[in-house]
Amino acid sequence: PAKVVVIGGGVAGTGAAMTAAGMGADVTVLDVSVPRLRAIAQESNGRIRTAFSSHFEIAELVSQADLVIGSVLVPGDSAPKLVTDAMIAGMKPGSVLVDIAIDQGGCFEHSHPTTHDDPVFKVHDTLFYCVGNMPGAVPRTSTIALTNVSLPYIRQIANNGPLDAARRNPEIQRGFNVFDGKVTHRGVAKALGVKLYGFQEATGTAYLEGNV
């Protein structure tokens, strides 16, 4: 069986791992959350191996892999570079690396965005696939899925206005990145090197003035 390594056990990583396991691959998922790894092992009935993510573990598994899928997400921040040039150079010729985290900068060294028209490039003896917005390959299905999860929030914002909706629902409040020129998301502020404002600090005066 092909050896597949998935780095990151979130929604995308778990979906990729389940698909690969269903096709008969030998799959290992790496993550830093032990509860998440336990959940994946239970959901897959033990068909998917799990391991705590560390530099040593990644290097060991990547060296044996036929396919490496990078699915690391740090909300609002750049993805960490977890697969280094040295690891890539030591991979088997013809191995493939798919960087799902490319929309956040990618989690492999050498990753850079590609397109569906020109999706792959070579690094050493491996092939990289780093298409931004990969769900765009199935636009109708991905649009329906996105709409289904977004519509409840859109209704709340439409009925109450953005600030009242945010005050009523902390999930909407966490979705604010910038308000009235003030950055309210820690990851965005860090990436841009600007001052971070608390949500109330950024929105209080402007809201009272009616500038929503």
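**Strand pairing and surface features of the predicted model**

Within strand E7, Phe128 is the bridge partner of Leu97. This pairing belongs to a predicted model, in which strand E5 (residues 96–99) and E7 run parallel and are joined by three bridges. Phe128 also stands opposite Phe121. The pairing of E6 with strand E7 (residues 126–129) is antiparallel and extends over four bridges, and one bridge partner in E7 is Thr126, which is matched with Val123. The two strands E6 and E7 make up a hairpin with two residues between them, and His124, located in the turn, has a positive phi of about 55°. The side chains along E7 alternate, such that Thr126 and Phe128 are buried and point to one face, whereas Leu127 and Tyr129 point to the other face and are not buried.

These pairings form part of a wider arrangement. The open sheet has seven strands with mixed pairing, in the order E3-E2-E1-E4-E5-E7-E6. Its edge strands, each of which pairs on one side only, are strand E3 (49–52) and strand E6 (120–123). From one strand to the next, the twist averages 20°. Helix H1 (residues 11–22) packs on this sheet, where it touches strand E1 (3–7), strand E2 (26–31) and strand E4 (67–70), and the direction of H1 makes about 165° with that of E2. Helix H2, in turn, lies across E2 and E3 and runs at about 175° to E3.

Helix H2 covers residues 34–43 and includes Val34. Together with Val32 and Phe52, Val34 forms a nonpolar patch on the surface, and the three residues have about 280 Å² of accessible area together. Val34 itself has a relative accessible area of 37% and is therefore partly exposed, since this value lies between the limits of 20% for buried and 50% for exposed residues.

Two asparagines in loops have positive phi values. Asn45 lies in the loop between H2 and E3, and its phi is near 55°, a positive value in a residue other than glycine. Because its relative accessibility is 70%, which is over the 50% cut-off, Asn45 counts as exposed. Asn133 is placed in the loop between E7 and helix H5 (139–160) and has a positive phi of about 50°, although Asn133 is not a glycine. The relative accessibility of Asn133 is 47%, so this residue counts as partly exposed.

For the protein chain as a whole, the secondary structure comes to nine helices and nine strands. Taken along the principal axes, the C-alpha atoms of the chain fill a box of roughly 60 × 35 × 35 Å. The chain has 212 residues, of which 36% count as buried, and about 11900 Å² of the chain is exposed, with carbon and sulfur atoms supplying 57% of this area. Among the contacts in the chain with a separation of 6 or more, 51% are accounted for by residues 24 or more positions apart.

Conventions: Residues numbered from 1 in each chain as written. Predicted model: local features only at pLDDT ≥ 70, side-chain atom pairs only at ≥ 80, totals over all residues. Heavy atoms only, no water. Patch = residues over 30% accessible without salt bridge, like charges linked within 9 Å, V, L, I, M, F, W, Y side chains within 5 Å. Areas by Shrake-Rupley, 256 points an atom, 1.4 Å probe, with all protein chains shown as cover. Salt bridge = Lys/Arg side-chain N within 4 Å of Asp/Glu carboxyl O. Buried < 20%, exposed > 50% of the residue type's maximum accessible area, 1.4 Å probe, protein only. Pairing = 2+ DSSP bridges. Axes fitted to C-alpha atoms, helices over the stretch in contact; angles between N-to-C directions. Contact = heavy atoms within 4.5 Å.
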